[in-house]
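Thanks for coming. I will go through one chain this morning, starting with how far to trust the model and ending with what sits inside it.

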Amino acid sequence: MSTQITPAPDDPHTNIEEVQEISVEYDEATDSVKVTPQEIEKGEHGAKVCFKNPQGAKLRIQFLLPNGEETRFIADSETYLLSVGGTFHFKCFFTFPGARNEVPKYGGVIDILPRRP
């Protein structure tokens, strides 16, 4: 697993108080993924984020790493720390209310600013 995307610690010394909610929506009409906001600022110790689906679906995220590997799944209830700036691509897996199957989608992208330390 990458050290860039880790479970957010409950450490008061990190000085990151606010969790930034990232909205990840599936648009069935265009078969695409919309991420809001598309950019977030990280502080000195990173950015605490939580991915959510405003349509009420359960959401799982899996980041794609530059070396071709993937991170473990991140559930929509988990808070994570993004500690390195850059453009991150991820797969999204949506399970909508009443659905039996997950809808897997590529296309999630988020920019963590500044991109360089």
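What you see is a predicted model. Across the chain the pLDDT averages 84, and 85% of the residues score at least 70. Confidence varies among the elements: strand β1, residues 5-7, has the lowest mean pLDDT at 61, and strand β3, residues 32-36, has the highest at 94.

Now the inventory. There are ten strands and zero helices.

How are strands arranged in the open sheet? Five of them line up in the order β4-β10-β9-β6-β7, with mixed pairing. At the edges are β4 (39-41) and β7 (74-75); each has a single partner strand, so one side of each has no neighbour in the sheet. Take the β7 end. Strand β6, residues 58-64, pairs with β7 in the antiparallel sense over two bridges. If you want to find the pairing on screen, look for R60, whose bridge partner in β7 is A75.

Next, a hairpin. Strand β2, residues 19-27, pairs with β3, also in the antiparallel sense, over five bridges. E25 has K34 in β3 as its bridge partner. Four residues lie between the two strands of this hairpin, and D31 takes a positive phi near 50 degrees.

Stay on β3 for a moment. Which of its side chains are buried? V33 and V35 are, and they point to one face; S32, K34 and T36 point to the other face and are not buried. So K34, the bridge partner of E25, is on the face of β3 whose side chains are not buried.

That brings us to the interior. Of the 117 residues in the chain, 39% are buried. In soluble globular proteins, nonpolar side chains tend to be buried together. Here the largest nonpolar core has 22 residues, and V24, F51, I61 and F90 touch the most other members. Two or more residues come from each of β2, β3, β5 (47-52), β6, β8 (80-82), β9 (86-95) and β10 (103-113). The largest share, four residues, is from β9.

Pick out I61 as an example. Leaving aside residues up to four places away in sequence, I61 touches V24, F51, R72, F73, I74, F90, K91 and C92. That list includes V24, F51 and F90, which are named with I61 as touching the most other core members.

Last, two totals. Among contacts between residues at least 6 apart in sequence, 68% join residues at least 24 apart. The chain exposes about 7,000 Å², and carbon and sulfur atoms supply 48% of that area.

Notes:
Residues are numbered from 1 along each chain as its sequence is written. This is a predicted model: local features need pLDDT of at least 70, side-chain atom pairs count only at pLDDT 80 or more; totals for chains, interfaces and linings use all residues. Side-chain values use heavy atoms; hydrogens and water are left out. pLDDT is the predictor's confidence in each residue, from 0 to 100. Two strands pair if DSSP finds at least two bridges between them. Buried means under 20% relative accessible area, exposed over 50%, partly exposed in between (1.4 Å probe, protein chains only). Contact means heavy atoms within 4.5 Å. Accessible areas come from the Shrake-Rupley method with a 1.4 Å probe; for residues, only the protein chains shown count as cover. A nonpolar core is a set of buried Ala, Val, Leu, Ile, Met, Phe, Trp, Tyr and Cys residues joined through side-chain atoms within 4.5 Å.
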